[in-house]
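Visitor: Hey, could you walk me through this one? I'd like to click around while we talk.

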Amino acid sequence: MRRRTYIPFLIVVAVLAAFGIMAWLRAKAPPEAARLLPESDAIIYIHLKQIRSATHFDQTPVHRSPDFQQFIDATGIVPERDLDSAAFALHRMPDPHGPNGPVAYSEVFIGRFDGVRLARYLASISTSQESYAGHIIYTIPVGEPVARQLRIAQLGYDTIAASNMPTPEQIHSMLDRSRASALATPGSSLLAARFHDVPLLSQAWGIGHIGLPFSQAGHISLFGLDLPLSADTDLVASLRYNGAAHLLTGGAVHLRIEEIAPDAASAQNTVDALTTLLNIFRGVASERPAHTDADTAFRAVLDSVKLTQHDDRALLNATASLDQLKALASAHNPTTDPAPASPHPSK
């Protein structure tokens, strides 16, 4: 009798353990959108579904170009509403003055799409089509005068891949990866090497040479200021939302940027140089009166920045509440109505 009782119990324990291991592996594995990306110099990932539920950014009016509005009308896809996750691969181009500039991109989008409407729209604007691995790749001219080509393919009912690289190698790679099972696709070599450095539960992150879009003459330039970092610097950046922090303002967002330096001395040099720049920014901000909520929010974010060094890693940590981020975003939102002018007093 005891043996008969133990056998079902052991089966239940084994099944639960198997599910637990699968859940642990899935939690530790990179997101599917990132695993589908081809080899690249950098990867950026955004979990839009989680960010949308925390910030409700899909309820904010968005200014759209006529061409983009035409895409929405034809496909029914509203990005801020329908996209759940997005991953971008950054490819350094050998000729920074070429059609793609210094960086080309490959992208994977996961969400809710009407595949029939999307295919009809892509077919109407494409100049050529290629059949590969059971999927249709649409080639669409981009730019005026036409100098670049964007290749787009539907990997599944909820997944879209695109690349503006000059050759189809990258889009082919994403199609090949999509045919493998979810956990059987380890992703690119960069993802395998650096994803373990991304903090757990990060809603957005980037790894590799993520300074590429801001690189000029071999250095990273931000707001016209050259940072003491080479464009080849390996960085791990992440954004993580914490609903328990700043409860009165709807939670807080934590920014973490980690430089992987050649040695400890180089990491300390980075911290020293960035500390000098940070002190300059703080000094300039303190001398200017805060006329708007955005000015006040910018000062608060600057005050939250902390720079530290651990062995060959230089770390930057900063925190901002959702109210502060909304104030900063509204200051640069073209749909924000300007304050009405004061009426002239009647005489």
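Visitor: I've got S128 selected. Which residue stands opposite S128 in strand 5?

Guide: That's T139. One thing before we go on: this is a predicted model, so everything we discuss is computed from that prediction.

Visitor: Fine by me. How many bridges hold strand 4 and strand 5 together, and in which sense do they pair?

Guide: Five bridges, and the pairing is antiparallel. Strand 4 covers residues 128-132, and strand 5 covers residues 135-142.

Visitor: And what sits between strand 4 and strand 5?

Guide: Two residues, and the two strands form a hairpin. Have a look at A133 in that turn: its phi is positive, about 55°.

Visitor: Let's move along the chain. What does strand 13 pair with?

Guide: Strand 12 is one partner: residues 234-242 run antiparallel to strand 13, residues 252-260, with nine bridges joining them. Strand 15, residues 313-321, is another, again antiparallel to strand 13 and joined by nine bridges.

Visitor: Can you give me residues to click? Which one stands opposite I257, and which one opposite L255?

Guide: For I257 in strand 13, pick A237. For L255, pick A318 in strand 15.

Visitor: Is there a general rule for where side chains point in a strand?

Guide: Yes, in a regular strand they alternate between the two faces of the sheet.

Visitor: Cool. New topic: rings! How many aromatic pairs are there?

Guide: The count comes to five. F68 and F71 make one of them, and that pair is stacked, with 5.8 Å centre to centre and 15° between the planes.

Visitor: Where do F68 and F71 sit relative to each other along the helix?

Guide: They're three residues apart in helix 4, residues 66-75, so about one helical turn separates them.

Visitor: And F71, buried or exposed?

Guide: Buried, with a relative accessible area of 19%; the cut-off for buried is under 20%. F68 counts as partly exposed, at 33% relative accessibility.

Visitor: What about F71 and Y121, what kind of pair is that?

Guide: Edge-to-face, because the planes are at 70° and anything over 60 gets that label. The ring centres are 5.5 Å apart. F71 is in helix 4 and Y121 in helix 6, residues 115-125, so this pair ties together parts 50 residues apart in sequence. Y121 is buried too, at 13% relative accessible area.

Visitor: So how do helix 4 and helix 6 cross?

Guide: Their axes come within 8 Å and cross at roughly 135°. That makes the two helices oblique to each other.

Visitor: Which residues make that contact?

Guide: From helix 4 it's F71, D73, A74 and T75, and from helix 6 it's R117, L118 and Y121. Sorted by class, the contact has four nonpolar, one polar and two charged residues.

Visitor: Any other rings I should look at?

Guide: Try Y45, F195 and W205, which ring pairs link into a cluster.

Visitor: Last one. I clicked E80 in helix 5. Buried or exposed?

Guide: E80 is buried, with a relative accessible area of 13%. Helix 5 is residues 79-82.

Visitor: What is E80 in contact with, apart from its neighbours within four places in sequence?

Guide: R52, F57, D58, V62 and R64. You can also check T60: E80 and T60 are 20 residues apart in sequence, and their C-alpha atoms are 9.3 Å apart in space.

Key. Residues numbered from 1 in each chain as written. Predicted model: local features only at pLDDT ≥ 70, side-chain atom pairs only at ≥ 80, totals over all residues. Heavy atoms only, no water. Pairing = 2+ DSSP bridges. Helix = DSSP H or I, 4+ residues; strand = E, 2+ residues; numbered from the N terminus. Phe/Tyr/Trp six-rings, centres within 6.5 Å; stacked < 30°, edge-to-face > 60°. Buried < 20%, exposed > 50% of the residue type's maximum accessible area, 1.4 Å probe, protein only. Axes fitted to C-alpha atoms, helices over the stretch in contact; angles between N-to-C directions. Parallel < 35°, antiparallel > 145°, perpendicular 65-115°, else oblique. Contact = heavy atoms within 4.5 Å. Nonpolar A, V, L, I, M, F, W, Y, C, P; charged D, E, K, R; others polar.
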